[in-house]
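Biologist: Before I rely on the labels attached to this structure, I would like to hear the reasoning behind each of them.

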2 protein chains.
Amino acid sequence: MGTNENTLSIFALGGINEIGKNMYVVQYSDDIVVIDCGGKFPDESLLGIDLIIPDITYLEENQDKIRALVVTHGHEDHIGGIPYFLRKLNVPIYATRFTLGLVELKLTEHRLKRDTKLIAIDSDSKLEFGEIGVSFFKVSHSIPDCLGIVFQTPEGTVVHTGDFKFDLTPANNQYADIHKMAEIGRQGVLALISESTNAERKGLTPSERMVGGHMNEAFMKAQGKIFISTFASNVNRVQQVVDAAMLTNRKLALVGRSMVNVVSVAMERGYIHIPEGMLIEAGEVDQLSPEKVAILCTGSQGEPMAALSRLSSGNYRDVSIYPGDTVILAASPIPGNERDVSKIIDNLYQLGANVIYGSGSTTGMHVSGHGYQEDLKLMLTLMKPTYFIPIHGEYRMLHHHRLLAESVGVEEGNTFIIKNGDVVDIEHSIARQTRSIPSGDTYVDGMGVGDVGDIVLRDRKQLSEDGMLVVVITINKTDRKIISGPDTITRGFVFVKDSEDLLKEVNRLVKKTVTDLQDENIRQWSIIKQNIKKSVGQYLYAQTKRKPMILPIIIEI
Amino acid sequence: MGTNENTLSIFALGGINEIGKNMYVVQYSDDIVVIDCGGKFPDESLLGIDLIIPDITYLEENQDKIRALVVTHGHEDHIGGIPYFLRKLNVPIYATRFTLGLVELKLTEHRLKRDTKLIAIDSDSKLEFGEIGVSFFKVSHSIPDCLGIVFQTPEGTVVHTGDFKFDLTPANNQYADIHKMAEIGRQGVLALISESTNAERKGLTPSERMVGGHMNEAFMKAQGKIFISTFASNVNRVQQVVDAAMLTNRKLALVGRSMVNVVSVAMERGYIHIPEGMLIEAGEVDQLSPEKVAILCTGSQGEPMAALSRLSSGNYRDVSIYPGDTVILAASPIPGNERDVSKIIDNLYQLGANVIYGSGSTTGMHVSGHGYQEDLKLMLTLMKPTYFIPIHGEYRMLHHHRLLAESVGVEEGNTFIIKNGDVVDIEHSIARQTRSIPSGDTYVDGMGVGDVGDIVLRDRKQLSEDGMLVVVITINKTDRKIISGPDTITRGFVFVKDSEDLLKEVNRLVKKTVTDLQDENIRQWSIIKQNIKKSVGQYLYAQTKRKPMILPIIIEI
């Protein structure tokens, strides 16, 4: 199943049919370049799981061939898996200075620094990895310093867009290299790998600068303190908040660990400009009059432990929200977070705050960093690829992205909608998808990586729904008489005080099951346990319509 | 804390600061009329809970005063609690014929019929309950036969709107009684109780008939089979699907239990008109050519066991979706259901279907049944109430509804934003809110009603996140020696085969803890267990960063 010599292979280890854990690979003969290494947050069905990262079995098996991990930008779904990747593989990491700053924060958090080479690049860098030449172009997105990647291979040019939108008036003058993209396209692109997040949305993404205008207006109108919650990594938006504060003569406090950390990385590295003396500590807020302060905080997704949630419930030590203060939610809730965000808005209104919220277009306080249909078509038009591989999206997004590609001239049949692990091989300019490599989800739970699998999750699910019942019985080894028990312990099943009769009957059933089997001279523990599970399970279901996990413990003495 | 004689009291037992479990009460002296008895679906934090219903302690304590349960309409959040209510209280139920049909379905499902009086009313009915006179007016909503309620009391008139929108071109000619509303307002309304679901949304709700137009267009364009998923209870929308099928000469199959049940109630009672011979069985679909069939199915909210989900994964026995078929999602996902619905759309595209989805305004296949801001203002304007109590909504909705009321003339200070249980007392035309009665969530779990409380849920949460570890040790009663164990069993914690060393160390720690305490002559089980929990817990957290539930079991023999 190995790669042939002189074959160009493109595949994803994550990011397809999902939003998150982006990881793509370009391989030519024995040279592998990895693009991004993201994490993904589990949905509520993955009980107790902290993070999902790509299964990198293929990379571990081919580690001698891996030349580099190139990171397009610093969002979690592109860098969140790096600490786990580095524990298995020692590969040099290439990224822009801002992205590297965030990677370093992450490695420090994980107490991982070791001997990994972190190499700063910019859009003018040119790298060579065996027969693969790598160069870059700048793209606009909702975090600074984002790259698209160009791979020059003997088979032809492959372009990976990174995450992007077209923004002709970007905040902070983070202009994209449109001319460079046009030149790449003019010279010929064999395959385009392009992100699909907003392929369902018609039109062109609004410019980030629109947010700045609305931010200024809101600052000019507000009477009391102003709280603004947004993604810390959206440094260009943070800059616009700084500008609005400057315009209205307000000091600015940063609240929330990631806000403080990311802004300080951005300041150190010159990606944000905050006037001398503007920043104050959270503890100083109350010493100033309300119309002289703004507070930039984390928690725009309703995360229960983040600053905004704690502020909204009055549980933040240094700062409080009073009637007449304004709270701006400068972010849209990611699907799945709506309820938590709504709860916060309710609490803010109950505190008497004036709340500016709602989807981006309603309030003008948020725009997406991912291109809509017209943005995607413009990229496809600039690149004029022969083959097209839509990535970074769920199936319906990839599907719509294919339709967009065909509408601007990609030939029918030349779009590959792949799954994670599916390999597109290109040889003699002919692309085909016939083989797959191992791929999947690796679960991170506490310190364990990959040690929680389906059995553990199935048990957690049963435990979560109906709890459990442990029944212990001690039997004399020689005469088979019951010495002690049965004793029953339940957790998460019923409130014990209300259920004495129920549990009495369980004990009676267990005793009967054990003695009946003894009468039949059946001595195998496994059979006795099976029978206890069955009789107790049936009884409990009939009485309660619940199916707790039943754990019979038999002790022979 | 009882009510005074000659006091008019208004309160909610559910429906405030939430969407769901609506239940409101109007009491005058010793006469109580209950409005609606809804259920609410739990969010994912309430592990294992099937349904939430209102705490009706107050009603149980005052059952001799309850004259009636009046039901405004047949949605789950207004009737879902009735089977549980009837197990505690025998109260006659008044509702329109269609609503009663749905209540009867529910009682049959619960095998509950007994001796409850179900009394059919219409908008012309006039009832008297002690000193309270009750009459009605028709409102438009997303289910047929909805009522607003007028209470004539010695203190004045109280109006409860039910759930409503204004729809001047309703499907199925379900016209609202606008003239009657105006007349009620003209005669004077002391207090208006009005629903707030869409109080955040600007403008006027679009008409249901808009959906019909788009449905016809889609039917005319479609080539293969057409699947339409919507709420079964939205009978007027179902009628529009029937009309579109008639227009394009398609037969119609009903798929999904609630679709079949509700449509048959609607047919029997004359709320829907389906031409002779149009309905076919699901099993007959494949015998007709694809352009001659439409299939109306349940599951528009992504419910994993409902028809649409099973169709999308190819697991529906009688009918399959083929490339070229069209699937119309004629409903918006309720917050919390987005991910499940998206998964279905992905699957449908993978089957090759043409999918029409997206929020209502994008596709024109869904409109809300709840009035937007202009609808709410029109109701307030028609009723001209002295006092206003916004209900049926989360806090931010009630907040916006208050602002709307003030914008059309309700005096500041005359709006009462209450919580469930807060009582608005009106005496001598003066309203005040100073007292509360018991209220809250009652959890239904399997057959248990109210037997699962916070402790059980806390245990389920811990079990769901990190599983559990049972450690059993048998000790000789007299010499305190360990006879057997420690033995360790885990579930939902780690995959045991990978963790032998970990569990060996746990056993060593338990043994050491027990013998150390014996050396100190400590014999209390509770202390020994506490110490085991502590030492094992600390060790496991240090090793795994997980906190499984630890259950030490000590058996003395």
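**Reasoning behind the labels**

Modeller: Let us begin with A:Glu374 and A:Lys377, which are separated by about one helical turn because they stand three residues apart in helix α12 (residues 373-383) of chain A. Please keep in mind that this is a predicted model.

Biologist: What makes the pair A:Glu374 and A:Lys377 a salt bridge?

Modeller: A salt bridge needs a side-chain nitrogen of Lys or Arg within 4 Å of a carboxyl oxygen of Asp or Glu, and the side chains of A:Glu374 and A:Lys377 meet at 3.1 Å, N to O.

Biologist: Why is A:Lys377 called partly exposed?

Modeller: Its relative accessibility is 23%, and since buried means under 20% and exposed over 50%, a value in between is called partly exposed.

Biologist: Why is A:Lys106, by contrast, called buried?

Modeller: The relative accessible area of A:Lys106 is 11%, and the label follows because buried means under 20%.

Biologist: How do you know that A:Asp145, which is buried, has no salt bridge?

Modeller: The nearest side chain of opposite charge, that of A:Arg97, is 5.8 Å away, whereas a salt bridge has to fall within 4 Å. The side chain of A:Asp145 does, however, make a polar contact with the side chain of A:Tyr271, at 2.3 Å.

Biologist: Why are the two copies said to be related as by a two-fold rotation axis?

Modeller: A turn of 180° with a shift of 0.1 Å along the axis lays chain A on chain B with an RMSD of 0.1 Å, and the copies are thus related as by a two-fold rotation axis.

How values were computed:
Residues are numbered from 1 along each chain as its sequence is written. Chains are lettered from A and ligands numbered from 1 in the order in which they are written. This is a predicted model: local features need pLDDT of at least 70, side-chain atom pairs count only at pLDDT 80 or more; totals for chains, interfaces and linings use all residues. Side-chain values use heavy atoms; hydrogens and water are left out. Copies are superposed by least squares on the C-alpha atoms of residues with pLDDT of at least 70 in both. Buried means under 20% relative accessible area, exposed over 50%, partly exposed in between (1.4 Å probe, protein chains only). Lys and Arg count as positive and Asp and Glu as negative; His and the chain ends are not counted. A polar contact is a pair of N or O atoms within 3.5 Å; within protein, one must be able to donate a hydrogen and the other to accept it, and residues adjacent in sequence count only if both atoms are side-chain atoms. Helices (H or I, at least four residues) and strands (E, at least two) are DSSP runs, numbered from the N terminus.
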